[in-house]
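Let's take a walk through this fold together, starting with the whole chain and then stepping in to a sheet and a group of rings. Keep the viewer open as you read.

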Amino acid sequence: MALISINYSEICARTCNSCNEPTVSIPTSNPPPVLNKSPNPVPLSAGPDAPMVTMNTNVFINEISSDSDELISVEIAAPVGTDLTGWSLIAYKGRDGKTIASMEFSQFLVDDSEISDGVRFLTRPVPLLTAGFSRDENGYGLALVDPDGNTVQFISYSDKSIRAADGPANGLVSSNVGPFKSSSEGSGYSYSLQLTGTGNVASDFKWSVSTSGGTNGFLNSGQSIMGTDIFINEVTSDTGENFIEIAGPVETDMGGWSVVLYSSINGQPYHTKKLSSLLKDNESDSSGFGFGTYSINGLRRGGGYGLALVNTGGKVVQFISSGGSFRAKGGAAKGMTSINIGETKSNTNSGYSFQLVGNGRKAGHFRWSGPIYATAGAINTGQMFAYAFINEIHYQNVEPSRRFVEIAMGPNTVLRGWKIVLYNGSNGLPYHSKELSTFSNADGFGFLVVQMKEIKKDGSYGVALIDSSSNVIQFLSYNGRFKAKDGLANDMVSYNIGGNFLSTATNSGHSFQLIGTGLFAGDFRW
């Protein structure tokens with residue numbers, strides 16, 4: 001799962017080569033109101049028959065936060081690979097349900113090729129998108145709208161639910177996440193409204209209020225995005241023998257699971273393939289993962305279809321498509337947006353497929369590649385069922401020989417061929433590289449401390465973790481973010497883990513560390 005932060009407070013100068021800034025429009029007929037301290041009028045009544053939005057959406061508003069100056073930030077969560085082109089966010093007044101401002105996303109692709117913290121299912125660095133916004137004296141509503149103009153989420157921070165009086169959400173009733181805090185809280189009041197709980201879609205979570213600051217760009221406090229360790233691992237659709245491959249823990253019983261085929265034209269399901277049998281391991285692979293290959297009819301030549309993997313409880317754990325992303329309008333995946341795995345060409349040679357590649361243990365850890373030569377019933381080309389990430393960086397020590405980078409790794413992880421590359425933030429160039437040992441971790445969680453006297457403490461610098469296939473797993477920096485201009489991380493933007501807060505410290509034994517509870521880098525915060 002990937003996170004996009006939208007800030008309404010100021011125009012941000014940060015840019016990204018892979019995306020354009022959004023278009024922001026403020027209706028001239030309804031200029032933004034000025035916050036005042038007058039008594040709050042009663043919000044527009046929702047009415048007993050007004051419809052609410054069923055939020056079975058995997059693209060959703062995940063956090064709303066305000067700093068001490070009452071500036072509003074909104075965080076959008078979306079699966080890695082989601083194309084947000086055409087999506088928009090509409091702000092509504094809590095007093096009368098009329099629109100205040102709208103923001104459209106343009107050519108923004110959430111793509112795991114530029115993830116800076118190595119968590120492929122959670123985050124990527126994006127510029128903050130901004131527009132002026134003043135809260136109505138009775139709070140406000142926020143509607144998330146898909147490219148077809150459908151409101152997939154409508155929430156409010158008000159005295160009670162509001163009914164939209166115009167715009168895409170016209171006539172809909174918000175799900176209120178209040179209660180609204182007026183200006184009577186006084187200056188310096190700050191809050192963060194966050195989704196908490198475990199799940200994949202908006203309706204899996206519940207809203208909670210935090211006054212200890214926001215978590216923009218990370219999982220919220222008490223939140224877990226439920227990545228699946230049983231997933232579609234390979235798809236072929238342009239040969240005479242169409243098949244899909246399911247990967248998961250060895251001996252997983254697929255009885256009761258199914259794959260539902262969807263039309264990208266109308267968003268409706270048109271065929272269901274019931275699965276069975278156990279997932280079997282490959283003798284040449286000791287990862288603990290097994291595979292099941294299933295023939296499937298109905299895959300449309302050249303793309304234009306979707307595949308939803310549905311578990312025994314009828315819940316969609318994965319929704320992918322070929323030939324473009326779309327939103328399901330019926331069946332088990334209704335309301336969910338598919339992840340486009342690529343477009344099959346009509347002249348693709350027989351025996352080729354789309355495959356997940358990279359390192360990890362869950363579907364979101366990998367990225368789709370292809371068409372490449374099919375590997376049905378075996379691990380994909382360029383795929384490794386293991387994971388590792390930078391867990392601690394100690395660069396402040398006045399004694400260079402005591403500086404280090406700590407790597408955390410899951411079970412069955414072998415670091416043979418991995419390396420750490422150090423970058424200079426002033427010019428974006430690598431200045432040192434160190435091969436890791438052949439350390440392996442067969443069971444449980446393990447840690448490898450890599451002594452690096454070459455790591456620098458004054459100025460902006462970066463640390464890149466590279467796997468044995470030359471993939472950049474993480475690209476972190478301290479004392480500021482920057483863009484790499486050479487090496488394996490070339491053109492990637494670093495993820496800044498913090499500033500030089502130790503510049504006046506007398507104790508040089510401090511470090512930057514991941515904290516929190518979880519298994520993967522995205523479960524923690526720096």
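Of the 526 residues in the protein chain, 55% count as buried. What you see is a predicted model, and its secondary structure is easy to sum up: the chain has 0 helices and 35 strands. Its contacts often reach across the sequence: among those with a separation of 6 or more, 63% are between residues 24 or more positions apart. On the outside, the protein chain exposes about 21000 Å², with carbon and sulfur atoms supplying 48% of that area.

Before going further, it helps to know where the predictor is confident. The mean pLDDT of the chain is 75, and 71% of the residues reach 70 or more. Confidence is highest in strand S15 (residues 258-263), at a mean of 96, and lowest in strand S2 (residues 23-25), at 37. Two further stretches deserve a cautious eye. Over residues 182-189 the pLDDT stays under 50, and the model gives this stretch 11 contacts beyond four places in sequence. Residues 501-507 also have a pLDDT below 50, with 4 contacts in the model beyond near neighbours in sequence.

Now turn to the open sheet of 5 strands, ordered S29-S28-S32-S33-S34 with mixed pairing. Strand S29 (429-435) and S34 stand at its edges with a single partner strand each, so one side of each lacks a neighbour in the sheet. Moving inward, strand S28 (residues 419-424) runs antiparallel to S32 and is joined to it by 6 bridges; here you can find Lys419 opposite Ile466 in S32.

Strand S32 (residues 461-466) is in turn joined to S33 by 6 bridges, again antiparallel. Ile466 appears on this side too, standing opposite Val472 in S33. The two strands make a hairpin with 5 residues between them, and Ser470 in the turn has a positive phi of about 70 degrees. The mixed character of the sheet shows up at the next step, where S33 and strand S34 (residues 495-496) pair in the parallel sense over 2 bridges, with Leu476 opposite Tyr495.

How many residues of strand S33 (residues 472-478) are buried? The count is 7 of 7, so S33 is largely enclosed by the rest of the structure. In S32, Leu465 makes a good place to pause. Leu465 has 0% relative accessibility and therefore counts as buried. Beyond its neighbours within four places in sequence, Leu465 touches residues including Phe389, Ile390, Ile407, Trp418, Ile420, Leu436, Val472 and Ile473. You can also check a distance here: the C-alpha atoms of Leu465 and Leu422 are 9.1 Å apart, with their positions 43 residues apart along the chain.

Last, look at the aromatic rings. The structure holds 17 aromatic pairs. One of them is formed by Phe366 and Phe385, in an edge-to-face arrangement with 5.7 Å centre to centre and 75 degrees between the planes. Phe366 sits in the loop between strand S22 (352-359) and strand S23 (367-373), while Phe385 sits in the loop between strand S24 (383-384) and strand S25 (388-394), so the pair ties together parts 19 residues apart in sequence. Both phenylalanines, Phe366 and Phe385, are buried. Ring pairs also link them with Phe231, Phe289 and Phe291 into a cluster.

Conventions
Residues numbered from 1 in each chain as written. Predicted model: local features only at pLDDT ≥ 70, side-chain atom pairs only at ≥ 80, totals over all residues. Heavy atoms only, no water. Phe/Tyr/Trp six-rings, centres within 6.5 Å; stacked < 30°, edge-to-face > 60°. Helix = DSSP H or I, 4+ residues; strand = E, 2+ residues; numbered from the N terminus. Buried < 20%, exposed > 50% of the residue type's maximum accessible area, 1.4 Å probe, protein only. pLDDT = per-residue confidence, 0-100. Contact = heavy atoms within 4.5 Å. Pairing = 2+ DSSP bridges. Areas by Shrake-Rupley, 256 points an atom, 1.4 Å probe, with all protein chains shown as cover.
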